[in-house]
Amino acid sequence: MDFALTPEQREMKQAFDAFFEQEMKDAPKGWTGTLEEVYSSEEGWAFHRHMAKKLAQKGWLARAWPKEYGGESAPILEQLLFSESAGYHLAPGIDIFGIGMIGPTLLVYGNEDQKREHLSPIARGEQMWCQLWSEPNAGSDLAALKTTARRDGNVYILNGQKIWTSGAHRADWGFGVFRTDPTQKGSKGISFLLLDMKTPGITVNPLLGMNRAHLFNEVFFDDVRVPVENRLGEENQGWTVTRTVMNFERSNIGGIATAKRILDELVAFLKTCKRNSRPLTEDPIVKDELAKMAVEIEVGRALSYKVAWIQEKGDIFQAVPLASAAKAFGTETMQRVIYRALEILGQAGVTKKESSLSVMLGRFETFFQVILGMNIAGGSSEVQRNLIAWTALGLPRSWDEVFKKPTKS
Ligand SMILES: Cc1cc2nc3c(=O)[nH]c(=O)nc-3n(C[C@H](O)[C@H](O)[C@H](O)COP(=O)(O)OP(=O)(O)OC[C@H]3O[C@@H](n4cnc5c(N)ncnc54)[C@H](O)[C@@H]3O)c2cc1C
């Protein structure tokens, strides 16, 4: 594997970096770029939308999409450079649900009307989305979902509840999975629907995090009528579409780049802190901790590049476990970076950004509150490890298979 960028790629990366460096000067004070910041305050949301428009004007928001839908047909590796730059600069503006998930899925499963209706507005940064998947009793085991969509002529009538829906209170549209055939269990009898979030019968209730941030919501459906033409893929075959969504943008390069940014800032800050008249960066224990972080971040970065490289080659079988590894390792690396930084910084590190005693804009206190969630969102580390065991190591899928009686020959 060749890690060196071509001259064109280097130039492109420099253009992304220069753009984000300039634009992020307008970020709200103390900005850390977490989803909580994007969705919680009016200021955060306005900045996210402003950045989305700016990126769209540059033609960068949906670079990987075909030209006729607002993209540039950019190769995956170029997309990776873009995401890495955005992650390093803690930049908002890229709707993870619209740009990252439903857009690419529409390109695969959408009919021409659906593509025309949604892809260009998403690429222009005008239409924001949310993901209506998890339910109170269906998270890791998503196929256990119970919210129904009963067919009545040309509409589905939705009843039930979703939970942990990030940004549902801001989204224009939502994509979700619903049980269209209640006689079937598990991944059968599910359909994939696109919903205008203003449809009568949808109630969005806030679910505040432990930091009081409004990221999550509960979404209730009470006889919500959704046109059949809003279905993606075949009726009762929605699981196939769902699996496709799960396979987009799994490199996690943005998260690793954010960890790198935090480490760079931490090193710069510790150089200014003195203990026994010497900068903290000369303390052997601190140096050791910083070096461990640097090594893990570099490993995570290499994993993310490898995912993109394998995806570009079209080797989907190798890409799946690698993407799981990049996700689990990347979010756990971020966790370790935050925990180690807090050990070094002590009390100052856990002081909120609003306090005059806080250091580094209170970044570590903010990240400490959200870091556990990053690990769970999009499939927990345990689930990723299961996937690696099944798909890369050929281990049994479940305990049922472990204890399965041998078939008589
Ligand atoms: C920051 C964040 C944002 C989110 N945003 C959204 C969103 O926008 N839309 C949406 O639909 N959902 C969203 N979610 C929900 C997320 O998808 C679920 O939390 C996740 O799938 C886990 O499901 P659960 O919470 O029901 O936990 P459970 O599935 O009940 O898991 C509980 C624990 O058991 C472990 N576990 C479960 N099954 C297994 C297994 N087979 N083997 C080993 N361990 C297992 C899990 O790892 C976890 O530690 C978000 C979650 C977070 C944290």
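Domain bounds here come from an automatic or database domain assignment. The model is predicted: local features need pLDDT of at least 70, side-chain atom pairs count only at pLDDT 80 or more, and totals for chains, interfaces and linings use all residues. Residues are numbered from 1 along each chain as its sequence is written.

**Exercise 1. Describe the shell around the ligand.**

Step 1. Start with the domains. The assignment gives domain 1 (7-94), domain 2 (130-235) and domain 3 (250-400). Domain 2 and domain 3 each give at least three residues to the shell around the ligand.

Step 2. Count the shell. A residue is near a molecule if its C-beta atom, placed from the backbone, lies within 6 Å of it. The ligand is surrounded by 16 residues. The closest are Trp133, Gly139, Ser140, Gly373 and Ser380.

Step 3. Find the elements. Helices (H or I, at least four residues) and strands (E, at least two) are DSSP runs, numbered from the N terminus. At least two shell residues come from each of strand S1 (129-132), helix H11 (363-376) and helix H12 (381-391). H12 supplies the largest share, three residues.

Step 4. Sort by class. Ala, Val, Leu, Ile, Met, Phe, Trp, Tyr, Cys and Pro count as nonpolar; Asp, Glu, Lys and Arg as charged; the others, Gly among them, as polar. The shell holds six nonpolar, nine polar and one charged residues.

**Exercise 2. Work out how H10 packs against H11 and H12.**

Step 1. Take the geometry. Axes are lines fitted to C-alpha atoms, for helices over the stretch in contact, and angles run from 0 to 180 degrees between N-to-C directions. For helix H10 (residues 316-345) and H11, the angle is about 155° and the axes are 9 Å apart.

Step 2. Name the arrangement. Angles under 35 degrees count as roughly parallel, over 145 as roughly antiparallel, 65 to 115 as roughly perpendicular and the rest as oblique. H10 and H11 are therefore roughly antiparallel.

Step 3. Give the hand. A crossing is left-handed if the near helix is turned anticlockwise from the far one by less than a right angle, and right-handed if clockwise. H10 and H11 cross in the left-handed sense.

Step 4. List contacts. Two residues are in contact if their C-beta atoms, placed from the backbone, lie within 7 Å. From H10, the residues include Met334, Ile338 and Leu342. From H11, they include Phe364, Phe367 and Ile371. The residues of this contact are 10 nonpolar, three polar and one charged.

Step 5. Turn to H12. H10 and H12 pack at about 150°, with axes 9 Å apart. H10 is therefore roughly antiparallel to H12. Their crossing is left-handed. H10 residues here include Ser324, Lys327 and Ala328, and among those of H12 are Gln384, Arg385 and Ile388. This contact has six nonpolar, five polar and three charged residues.

**Exercise 3. Decide how helix H4 and helix H8 are arranged.**

Step 1. Helix H4 (residues 76-88) and helix H8 (residues 253-271) have axes that come within 7 Å and cross at roughly 40°.

Step 2. H4 and H8 are therefore oblique to each other. Their crossing is right-handed.

Step 3. Among the H4 residues in contact are Leu80, Glu84 and Tyr88; H8 answers with residues including Ile253, Ala257 and Arg261. The classes are five nonpolar, five polar and three charged.

**Exercise 4. Describe how domain 1 meets domain 2.**

Step 1. Their C-alpha centres lie 28 Å apart.

Step 2. Five residues of domain 1 contact eight residues of domain 2. On the domain 1 side, helix H2 (residues 35-40) gives the most, four residues.

Step 3. That side has three nonpolar, one polar and one charged residues.
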